[in-house]
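Reader: I would like a close look at one part of this molecule, followed outward from there with the cut-offs stated as you go.

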Amino acid sequence: MSDRIGAPGTGISRRKFLAATGSAGLFATAGCTTISQPTVRTVPLSGSQNGLNLDLPETGKPEVVNLDERGHAVTIKSVMARHHIHPGETMNGPITLPVVWAFQADDGVPSVPGPILRCTEGAELKITLDNSEMQMPHTLHFHGVRKTWENDGVPTTTGVTVMPGEKHTYTIPANVPGTHLYHCHYQTPMHMDMGMYGILRVDPKGYEEADKEYFMTVKEWDTRLSRQHGGENVQYSLSNRHGDAFTINGKSAPATFHPETGSPLIVEPGDTVRVHWVNAGFMSHPLHVHNHRFKIVEKDGSPMPEPLQFLQDVVNVAPAERYTIEFEADADPGIYPVHCHKVDHIRNGDSYPGGMLTAIVYTDAMDTDIFRSVMDYAGYQG
């Protein structure tokens, strides 16, 4: 497990997190505060309990895989797994996808989204899709970068399909700096709705990281597809697809606030913060940041021209779009929501709040009762 706390990226160390939460102990008063309870009504999102799903491994947090340190080669394995969108009972949980098709980098942990593949511009990546343990064909398609025809990852137009039991190595030049989406392109809507997507980050030569840099993938789900694969008597139809779960890095609030498995944006006063937003769903998500003004510095692998880097607090991220935003942690140190502004995407079933919601958390606000309450909702055990 990474020793970084917060969303995937360059958060603070576990030691620093424990120091920031105070010597009296994070949960000394957890559950004893006066924050109002959300309205809760149980809905059947937890999935089937019969047969197939019970023996599957559970997904972990998406890891950042530094391909520069691995000789620019990695094996991405397709893995059947069980994925907890929100494992706790607060805010209308638990919400579980009984079966997902996750990606796993080498001997790492399967995750949804898949691992974040990171490298420097100019490398030639050798990315092997290992489909040896699944009974379904898959492929890998990478947005943004320019590659040869046969490496485009679309079975219909390249003739390349990685059948069950097979492996195939794609040659992907890291020739377009930026933040890019990758996903399975076999029966694309269903396979992405089963969890087969991730981020490829190509840093330009000479890239300087911000003080804090995080990756966040948003997505809405029709959980009937996973539940159907899990054995539940529900019917999924592409022509009748509707979102009933809304996630950031595969988690819904309050699980998004969990410091180890969720995606809080942990900052310290004065930090420059850079966030790579990717939409892996099929609906647009206007993402809003409370009490901070950000500028867009990249979009879809292109640096944003200086005159267009105006300050704003919401940007609509369409399907497959990628935005890199940057802001200064210059607000009154506290806890500030970051969320989709389609309010029906901030829910778990009929319970509000939930869904596509996380927060900027200043370290100065961690030794407070309200932070302990948020951790209590998130199910953090310390």
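Reader: Which residues does K167 touch, not counting residues up to four places away in sequence?

Author: This is a predicted model in which local features need pLDDT of at least 70 and side-chain atom pairs count only at pLDDT 80 or more, while totals for chains, interfaces and linings use all residues. Residues are numbered from 1 along each chain as its sequence is written, and side-chain values use heavy atoms, with hydrogens and water left out.

With residues up to four places away in sequence set aside, K167 touches T128, L129, D130 and V162, where contact means heavy atoms within 4.5 Å. K167 belongs to strand 9, residues 166-173; strands here are DSSP runs of E with at least two residues, helices are runs of H or I with at least four, and both are numbered from the N terminus. Its relative accessible area is 58%, so K167 is exposed, given that exposed means over 50%, buried under 20% and partly exposed in between, with a 1.4 Å probe and protein chains only.

From K167 one can step to K77, which is 90 residues away along the chain, although the two C-alpha atoms are separated by 9.0 Å. The side chain of K77 meets that of E133 in a salt bridge, at 2.8 Å from N to O, the term standing for a side-chain nitrogen of Lys or Arg within 4 Å of a carboxyl oxygen of Asp or Glu. This pair links distant parts of the chain, 56 residues apart, with K77 in strand 4 (residues 73-86) and E133 in the loop between strand 7 (124-131) and strand 8 (141-142). The two ends differ in burial, because K77 has 18% relative accessibility and counts as buried, whereas E133, at 53%, counts as exposed.

By the same rule the count comes to 27 salt bridges. Side chains of opposite charge can pair when their charged atoms come close. One such pair is R274 with E213, at 3.7 Å from N to O, and it too joins distant parts of the chain, since R274 lies in strand 15 (residues 272-279) and E213 in strand 12 (residues 212-221), 61 residues apart. Both R274 and E213 are buried.

A pair over a short stretch of sequence is R372 with D369, whose closest N and O atoms are 3.2 Å apart. R372 and D369 both sit in helix 5 (residues 369-378), three residues apart, or about one turn of the helix. R372 is buried at 9% relative accessible area, while D369, at 41%, is partly exposed. Elsewhere, salt bridges that share partners join R118, R201, D203, E209, E213, R274, E298 and E326 into one network.

One member of that network, E298, is also among the contacts of R322 beyond four places in sequence, a list that includes H180, W277 and D300. R322 is found in strand 20 (residues 322-328) and is buried, its relative accessible area being 6%. Its side chain makes a polar contact with the side chain of H180 at 3.2 Å, and it reaches the backbone oxygen of A320 at 3.1 Å; a polar contact is a pair of N or O atoms within 3.5 Å, in which, within protein, one must be able to donate a hydrogen and the other to accept it, and residues adjacent in sequence count only if both atoms are side-chain atoms.

Helix 5 returns in the lining of the largest cavity, to which it gives the most, with three residues. A cavity is a set of points on a 1 Å grid over the protein atoms alone where a 1.4 Å probe fits but cannot get out, and lining residues have an atom within 4 Å of a point. The lining includes F371, V374 and M375, together with F17, F257 and others, and its residues divide into 11 nonpolar, no polar and no charged.

Key
1 Å grid on protein atoms, 1.4 Å probe; cavity = no way out; pocket = protein on both sides within 12 Å on 5 of 7 lines; lining within 4 Å. Nonpolar A, V, L, I, M, F, W, Y, C, P; charged D, E, K, R; others polar.
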